[in-house]
Amino acid sequence: MDRKIVIFVVLLFVTVAGPGCISQPDKPQSNSSQQDNMSSGNIENIKDIEGMWLGSLEVQGGTKIRLLFNISASSDGSVNATMDTLDQGASGIPVETVAYKNGDLRLEVKSIKGVFEGTLNEDGKTIEGEWKQAGSVFPLVLSRIDENPDLRREQDPVKPYPYNEEEVVYENKDAGVTLAGTLTLPRSEGPFPAVILITGSGPQNRDEELLGHRPFLVLSDYLTRRGIAVLRVDDRGIGGSTGNFSQATTEDFAGDVLAGIEFLKSRKDIDSARIGLIGHSEGGLIAPLVAVQSPDVSFIVMMAGPGLTGEEILYLQSDLISRAGGADNETIARNDALMKSIYSVVKEEQNNTIAAEKLRKLIKDEMENISEDENTNSSYSEADLDAQINAQVQTLVSPWMRFFLTYDPKPTLMQVKCPVLAINGEKDLQVPPEENLQAIEEALKAGGNKDYTVKELPGLNHLFQTTKTGSPSEYAAIEETISPTALEVIGNWISEHTQKN
């Protein structure tokens, strides 16, 4: 029986979330921040381990994450090492500790509380060991490679592009945040209709990069080739943008989008009367919020946008993903009851310290109440379990989660008067299409919106990939980034709504 305590707290848009997955620092730091113990004194023979080492973790649900370690020696005898999580788009993460003696290697990545420990094989080509992080332990074999792996997916555009690309920076003055992004512009005569792409939940760069895919790069390329200017932007605190992502809510991100609209309006090559928004997942919450606040939004596209409260979605999501992973009814019911208790604390207790104490007790009590055979955490140390629980608790009491759980998008949708396209994949397990599309359509109709289209696209998942089951565990393995059908639906609808009379 597959009995696991699985709390799906931030799966609305996977940046690989959940127990046993690689979390990332808010922003990679430079190598200069590495500790003094990075020296030849900890290393028996640097030539044994110098170079690039690639391995693949298989984490919860069968998802695979490739880790690349780069170890090099400086002329002064010090050692530099970094880690890239290739399928999550994070690179240059400092490895603060490198220790190598008698064939045993230890790499410590303090910013994400991760450690690799392994033994170099006699041939010097592989290192067999384990990756440990936040109470989870995974087998990991690193293999020596000579060249960086090719990360390009089939749909990734290849330069030179048949359009212009411009790096841009502008401010959200109200929030004191500088936002950095890329604006792509057709080479025909402007001014052009334009769209702003709005990322899903979790820290996202301008390409909405995850698991080796760059959905917004593919989408912006497709639309720009069709004569539409596209602005895609790093989330605040990510990439070239400033600000504190961890303290921001959906409403804060809406303010960043409003700043993007003002930026586009300032440009002569953009038609200010034809500026629209495309929001994916949480971005589908943000787009209607912005449209209600700004008369300059001429249309919105909701890609897997929620029509229910966050709490309702998380219950549906947990059930569907658990079943796809083979969990039985008893497990699902027990996890559902735990989630309800947890979310009640988050909603009712506004003091973070008190709420955190109550949440830790709930989770620990649940772990103690399951049998040793059922407890997948039984082999972990108390310190590891505490780290895992604390990470969950900090997410649960974050400003973002407190807002997301209770925010109901329907009243906002009732106020949206501009044209709306709402699409979902038939096999979306994260924002289930039937319940959410129905809620969106009912709200738009009740509000008197005269121009909306609601579509469920057959065979597609939350990322709009062609899929077998829709499980998040398939995302990385699917080569397709966005179904051509989804691209065509979006492109055709926008073209129809931006044509000049």
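**Figure 1. Helix α11 on the eight-stranded sheet.** In this predicted model, helix α11 (residues 433–446) lies across strands β15, β16 (420–425) and β17, and its direction makes about 175 degrees with that of β17. The sheet beneath is open and consists of eight strands in the order β10-β11-β13-β12-β14-β15-β16-β17, with mixed pairing. Strands β10 (164–172) and β17 (452–457) form the edges, each pairing on one side only. On average, neighbouring strands of this sheet are turned by 20 degrees against each other, direction ignored.

**Figure 2. Strands β14 and β15 with helix α4.** Strand β14 (residues 270–280) and strand β15 (residues 297–303) run parallel and are joined by six bridges. Within this pair, Ile 275 of β14 stands opposite Val 297 in β15. Helix α4 (residues 283–293) packs on the sheet, where it touches β12 (192–198), β14 and β15. The direction of α4 makes about 165 degrees with that of β15.

**Figure 3. The nine-stranded antiparallel sheet.** A second view shows an open sheet of nine strands, arranged in the order β4-β3-β2-β1-β9-β8-β7-β6-β5 with antiparallel pairing. Its edge strands are β4 (90–94) and β5, each of which pairs on one side only. From one strand to the next, the twist averages 20 degrees. In general, the strands of a sheet pair through backbone hydrogen bonds, in either the parallel or the antiparallel sense.

**Figure 4. The hairpin of β5 and β6.** Strand β5 (residues 97–101) runs antiparallel to strand β6 (residues 104–109), and five bridges join the two. Two residues lie between the strands of this hairpin. In the turn, Asn 102 has a positive phi of about 55 degrees. Along the ladder, Val 98 has Leu 107 in β6 as its bridge partner, and Tyr 100 stands opposite Leu 105 in β6.

**Figure 5. The hairpin of β6 and β7.** Strand β6 also pairs with strand β7 (residues 114–120), in the antiparallel sense and over six bridges. Four residues separate the strands in this hairpin, and Lys 113 takes a positive phi near 55 degrees. Leu 105, which stands opposite Tyr 100, has Gly 118 as its bridge partner in β7.

**Figure 6. Packing of helices α5 and α6.** The axes of helix α5 (residues 310–324) and helix α6 (residues 329–348) come within 10 Å and cross at roughly 155 degrees. Because an angle over 145 degrees counts as roughly antiparallel, α5 is roughly antiparallel to α6. The crossing of α5 and α6 is right-handed. On the α5 side, the contact is made by Glu 311, Leu 314, Tyr 315, Ser 318, Asp 319, Ser 322 and Arg 323. On the α6 side, Asn 329, Ile 332, Asn 335, Asp 336, Met 339, Lys 340, Tyr 343 and Lys 347 take part. By class, five of the residues in the contact of α5 with α6 are nonpolar, four polar and six charged.

**Figure 7. Packing of helices α6 and α7.** Helix α6 and helix α7 (residues 352–369) pack at an angle of about 165 degrees, and their axes are 9 Å apart. This angle makes α6 roughly antiparallel to α7. The crossing of α6 and α7 is right-handed. From α6, the contact involves Arg 334, Leu 338, Ser 341, Ile 342, Val 345 and Val 346. From α7, it involves Ala 355, Lys 358, Leu 359, Leu 362, Ile 363, Glu 366 and Asn 369. The contact of α6 with α7 has eight nonpolar, two polar and three charged residues.

**Figure 8. Packing of helices α2 and α12.** Helix α2 (residues 215–225) and helix α12 (residues 484–498) have axes that come within 10 Å and cross at roughly 45 degrees. The two helices α2 and α12 are therefore oblique to each other. The crossing of α2 and α12 is right-handed. Val 218, Leu 219, Tyr 222 and Leu 223 of α2 meet Leu 487, Glu 488, Ile 490, Gly 491 and Ile 494 of α12 in this contact. Seven of these residues are nonpolar, one is polar and one is charged.

Terms used. Residues numbered from 1 in each chain as written. Predicted model: local features only at pLDDT ≥ 70, side-chain atom pairs only at ≥ 80, totals over all residues. Heavy atoms only, no water. Axes fitted to C-alpha atoms, helices over the stretch in contact; angles between N-to-C directions. Parallel < 35°, antiparallel > 145°, perpendicular 65-115°, else oblique. Left-handed = near helix turned anticlockwise from the far one by under 90°. Contact = heavy atoms within 4.5 Å. Nonpolar A, V, L, I, M, F, W, Y, C, P; charged D, E, K, R; others polar. Pairing = 2+ DSSP bridges.
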